[in-house]
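Q: Could you take a close look at one part of this structure for me, the strands and what surrounds them? I work at the bench, so a plain walk through the details would help.

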Amino acid sequence: MSRPPDGFSPAQRNLLELMGTRLWKPRSPDRTGGEPAAAAPPTSPPPVGESAAAVPPPSPSAGDSAAQDSPAPAAPPPELEALRSAVAACTACPLHSGRRQTVFGVGNPNADWMFVGEGPGEEEDRRGEPFVGRAGKLLDNMMRAMGLDRDTAYIANIVKCRPPGNRNPSLEEASACIPYLHRQIELIAPRLIVALGAVAAQRLLDTDQPVGALRGALKHAERLSCPVLVTYHPAYLLRSPGQKRKAWDDLQLAMREMEALRAGGG
């Protein structure tokens, strides 16, 4: 299939626009009939203190391979529905006393991709679905640019009940709830988990390292059967748009790693 004149697939253009990257478009020939002037390939906007030349161009194949062999939507298996019921009845930590409802997870129970955040906010607590506010819209855009959506990926959180005031869940709260997530991961059996933010990354990987130290490579944990790729939480990106270039790098890496996992049968 031929590529458009700018060299990017629709998925790559969506992701570049999401990350605030201005796309180069070829200029029309001048009135004398001459050829349009050559232009440099598009790049992500450089962070403060870096020249544009220091920023690598996007990978030509990153956006094309993300959705290959995406599993078809399927009805949740009985084990997953039984786990959902157990979560709904859970009183293992004090968070249960302030919830409207538990927020179990959403998506394809056969997904290759699993995205994990920290916990429900007010809107998630009201609707019973993870990532439905402004951060959820950004996550949807990020997934869409990767060739994914809520029917092909799976989204869950470290804790299933909303912490008061949308604060981070405590270590005790996370420890009480994470066995449910571990069981979700076992049942869904994703090839790769994307940890969104520090809480998700630290609890999945059992570490106290910050996101900045965990980004850039696949991580492994003894309790997990698949690798973890760490990136910033969409809510953090809304507050700190200057970090979107790094998130773009993370998503590119995630797509390359998924391609390698599929090619190797992992």
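A: Happily! Accessible areas here come from the Shrake-Rupley method with a 1.4 Å probe. On that basis the chain, which is a predicted model, has an accessible surface of about 13100 Å², and carbon and sulfur atoms hold 50% of that surface. Of its 266 residues, 46% count as buried. The chain has 10 helices and 5 strands. Among contacts with a separation of 6 or more, 72% are between residues 24 or more positions apart.

Now to the strands, with β3 as our starting point. Strand β3 covers residues 154–157. Y154 and A156 point one way from this strand, while I155 and N157 point the other way; all four residues are buried. In a regular strand, side chains alternate between the two faces of the sheet.

Strand β3 pairs with two partners that we can take in turn. With β1, residues 106–107, the pairing is antiparallel and runs over 2 bridges. Here V106 has I155 of β3 as its bridge partner. With β2, residues 113–117, the pairing is parallel and runs over 4 bridges. In this case G117 stands opposite N157 of β3.

Strand β2 also brings us to some aromatic side chains. The chain has 2 aromatic pairs. One of them joins W113 and F115: their ring centres are 6.2 Å apart and their planes meet at 15°, so the pair is stacked. The cut-off behind that word is planes under 30 degrees apart. Both rings belong to buried residues, with W113 at a relative accessible area of 1% and F115 also at 1%.

Another ring has a charge for company. The charged end of K160 sits over the ring of F104, 5.8 Å from the ring centre.

Since you work at the bench, you may also like to know about the cysteines. The count is 0 disulfides, where a disulfide would need two cysteine sulfur atoms within 2.5 Å. For C90, the closest cysteine sulfur is in C177, and no bond is made because the 6.2 Å between the sulfurs is too far. C93 is in no disulfide either; the nearest cysteine sulfur to C93 is that of C161, 6.2 Å away. C90 is buried, with a relative accessible area of 13%, and C93 counts as buried at 15%.

Technical notes
Residues are numbered from 1 along each chain as its sequence is written. This is a predicted model: local features need pLDDT of at least 70, side-chain atom pairs count only at pLDDT 80 or more; totals for chains, interfaces and linings use all residues. Side-chain values use heavy atoms; hydrogens and water are left out. Buried means under 20% relative accessible area, exposed over 50%, partly exposed in between (1.4 Å probe, protein chains only). Rings of Phe, Tyr and Trp (its six-membered ring) pair if their centres lie within 6.5 Å; planes under 30 degrees apart count as stacked, over 60 as edge-to-face and the rest as tilted. A charge sits over a ring if NZ of Lys or CZ of Arg is within 6 Å of the ring centre and within 35 degrees of the ring normal. Contact means heavy atoms within 4.5 Å. Two strands pair if DSSP finds at least two bridges between them.
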